[in-house]
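Open the model in your viewer and switch to a cartoon view. The stops below say what to select and what is found there.

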Amino acid sequence: MGNKKFDEFKSKHPEWSDEQIWTAVSIDMQSDTTIEEKGKDVNPNDPDILKQILIGAKKWLQDVLPVIFEKIKAFFEDLISSFEKWVKKGIDYILEAIGHWRKPSGMI
């Protein structure tokens, strides 16, 4: 059950299961689809875009690979239901990184 994207992810992550690889493939493909739909100026870090990508990837797996989907269904449900929580962690990480950033010498 391989395709080009599957093979690419498998070569990068040989330790991953087929379920993990198909999950990554679905998210990667949905990212491409969302960017095509929204245009090149879309902000890939926009929380609404990220959520749309996850929901689209879940639907693709459900429609195209239902056997795989059943194995990772809970993962997507947890990820989507806890979306706001992990987006907040991302924002906290950015704020922490800003706090640790130091201006290069010579900058005002």
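Begin with the contacts of the whole chain: among those with a separation of 6 or more, 46% join residues 24 or more positions apart. Keep in mind throughout that this is a predicted model.

**The whole chain**

Colour by secondary structure. The protein chain shows five helices and zero strands, and from the N terminus on its elements run α-α-α-α-α. Now turn on the surface. The accessible surface is about 7900 Å², and carbon and sulfur atoms hold 57% of it. Of the 108 residues, 27% count as buried.

**Helix 2**

Select residues 18-38, which make up helix 2. This helix has 21 residues and reaches 30 Å from its first C-alpha to its last, close to the 30 Å expected at 1.5 Å a residue.

Which residues of helix 2 are buried? Show side chains for Glu19, Ile21, Trp22, Thr23, Ala24, Val25, Ser26, Gln30, Ser31 and Thr34. Next, add what lies over them: the cover includes helix 1 (4-12), helix 3 (47-64) and helix 4 (66-81).

**The end of helix 2**

Stay on helix 2 and pick Ile35. Is Ile35 buried or partly exposed? Its relative accessible area is 32%; buried would need a value under 20%, so Ile35 is partly exposed. Not counting residues up to four places away in sequence, Ile35 touches Lys40 and Val42. Draw a distance from the C-alpha of Ile35 to that of Ile49: the two are 9.1 Å apart in space and 14 residues apart in sequence.

Move on to Gly39, just after helix 2. Gly39 takes a positive phi of about 100°.

**The nonpolar core**

Hide the surface and select Trp22, Val25, Leu54, Leu61, Ile68, Ile72 and Phe76. These residues touch the most other members of the largest nonpolar core, which has 18 residues. Helix 1, helix 2, helix 3, helix 4 and helix 5 (83-100) each supply at least two residues of this core. Which helix gives the largest share? Helix 4 does, with six residues.

**Leu61**

Finish by centring the view on Leu61, one of the core residues just selected. What does Leu61 contact, leaving aside its neighbours within four places in sequence? Its partners are Trp22, Thr23, Ser26, Pro66, Ile68, Phe69, Ile72 and Phe76. Trp22, Thr23 and Ser26 were also shown earlier, among the buried residues of helix 2.

Definitions and conventions: Residues are numbered from 1 along each chain as its sequence is written. This is a predicted model: local features need pLDDT of at least 70, side-chain atom pairs count only at pLDDT 80 or more; totals for chains, interfaces and linings use all residues. Side-chain values use heavy atoms; hydrogens and water are left out. Helices (H or I, at least four residues) and strands (E, at least two) are DSSP runs, numbered from the N terminus. The expected span of a helix is 1.5 Å times one less than its number of residues. Buried means under 20% relative accessible area, exposed over 50%, partly exposed in between (1.4 Å probe, protein chains only). Contact means heavy atoms within 4.5 Å. A nonpolar core is a set of buried Ala, Val, Leu, Ile, Met, Phe, Trp, Tyr and Cys residues joined through side-chain atoms within 4.5 Å. Accessible areas come from the Shrake-Rupley method with a 1.4 Å probe; for residues, only the protein chains shown count as cover.
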